[in-house]
Amino acid sequence: MMKIAVLALQGAFAEHERMLGKLGVPFLELRQKRDLNGSFDGLILPGGESTVQGKLLHELGMFDPLKKQIAEGLPVFGTCAGLLLLAGKIANDDRTWFGTMDITAVRNAYGRQLGSFYTESECGGAGRIP
């Protein structure tokens with residue numbers, strides 16, 4: 001059975017771990033460089049704050065080894081900040097992180113997602129919902 005690594009430095013890693021648990025998929029948390037020595041078949045880069053995650057990856061010495069594994073074909077799933085870490089270009093940011101995915105992404109803003117954008121809409125008889 002596949003074992004999935006979840007980057008657990010910051011962000012919504014617990015939600016991914018809960019879903020993996022519900023699916024019966026073994027996983028391990030990547031919190032420090034020595035965790036990269038564990039055996040895993042895929043990687044989840046969670047939502048959160050990409051700048052913080054990128055900075056921590058560098059400070060903890062995890063960035064280069066992970067980038068190498070991704071470039072060599074490690075399957076990766078990135079949500080929100082995780083996608084920004086993978087993007088080859090970020091349209092509204094001069095930085096790139098892993099840059100292993102041939103896409104241009106756009107940051108929603110800095111800080112919490114709810115602080116970036118909020119709207120309400122009428123929804124099929126249920127009233128206005130956020």
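For these notes, I call a residue exposed when its relative accessible area is over 50%, and buried when it is under 20%. I'm working from a predicted model, so I keep to local features with pLDDT of at least 70.

**Entry 1: helix H3, outer side**
I started with H3, which spans 63-71. Which exposed residues sit on the face turned away from its buried side? I found Asp64, Lys68 and Ala71 there.

**Entry 2: helix H3, inner side**
Next I listed the buried residues of H3 and got Phe63, Leu66 and Ile70. Looking down the axis of H3, I see these buried residues fall within an arc of 75 degrees, so they line one face of the helix. That fits the usual geometry: an α-helix has 3.6 residues a turn, so residues three or four places apart point the same way.

What covers that buried side of H3? My list includes strands E2, E3 and E4 (76-78), plus helices H2 (50-59) and H4. I also checked what comes after H3 and noted Gly73, with a positive phi near 110 degrees.

**Entry 3: the cores**
I then pulled up the largest nonpolar core, which has 23 residues. Which members touch the most other members? They are Leu30, Leu43, Leu57 and Phe98. Several elements give two or more residues to this core: strands E1 (4-7), E2 (27-30), E3 (42-45) and E5 (87-90), along with helices H3 and H4 (81-86). Apart from this core I found another one, of six residues, including Val6, Ala8, Phe13 and Ile44.

**Entry 4: Phe98**
I went back to Phe98 for its contacts, leaving out residues up to four places away in sequence. Phe98 touches Phe63, Leu66, Lys67 and Ile70, and also Leu45, Leu57, Leu85 and Leu86. Phe63, Leu66 and Ile70 are the buried residues of H3 from my second entry.

**Entry 5: whole chain**
I counted five helices and eight strands. From the N terminus on, I read the order as β-α-β-β-α-α-β-α-β-β-α-β-β. The C-alpha atoms fill a box of roughly 50 × 40 × 25 Å along the principal axes.

Of the 130 residues, 34% come out buried. I took the contacts between residues at least 6 apart in sequence, and 56% of them join residues at least 24 apart. The chain exposes about 7700 Å², with carbon and sulfur atoms supplying 55% of that area.

Last, the charges: how many angstroms separate the mean positions of the positive and negative ones? I get 3 Å, for 14 positive and 14 negative charges.

Notes. Residues are numbered from 1 along each chain as its sequence is written. This is a predicted model: local features need pLDDT of at least 70, side-chain atom pairs count only at pLDDT 80 or more; totals for chains, interfaces and linings use all residues. Side-chain values use heavy atoms; hydrogens and water are left out. A nonpolar core is a set of buried Ala, Val, Leu, Ile, Met, Phe, Trp, Tyr and Cys residues joined through side-chain atoms within 4.5 Å. Buried means under 20% relative accessible area, exposed over 50%, partly exposed in between (1.4 Å probe, protein chains only). Helices (H or I, at least four residues) and strands (E, at least two) are DSSP runs, numbered from the N terminus. Contact means heavy atoms within 4.5 Å. The arc is that of the directions from the helix axis to the C-beta atoms. Accessible areas come from the Shrake-Rupley method with a 1.4 Å probe; for residues, only the protein chains shown count as cover. Lys and Arg count as positive and Asp and Glu as negative; His and the chain ends are not counted. The place of a charge is taken as NZ of Lys, CZ of Arg, CG of Asp or CD of Glu.
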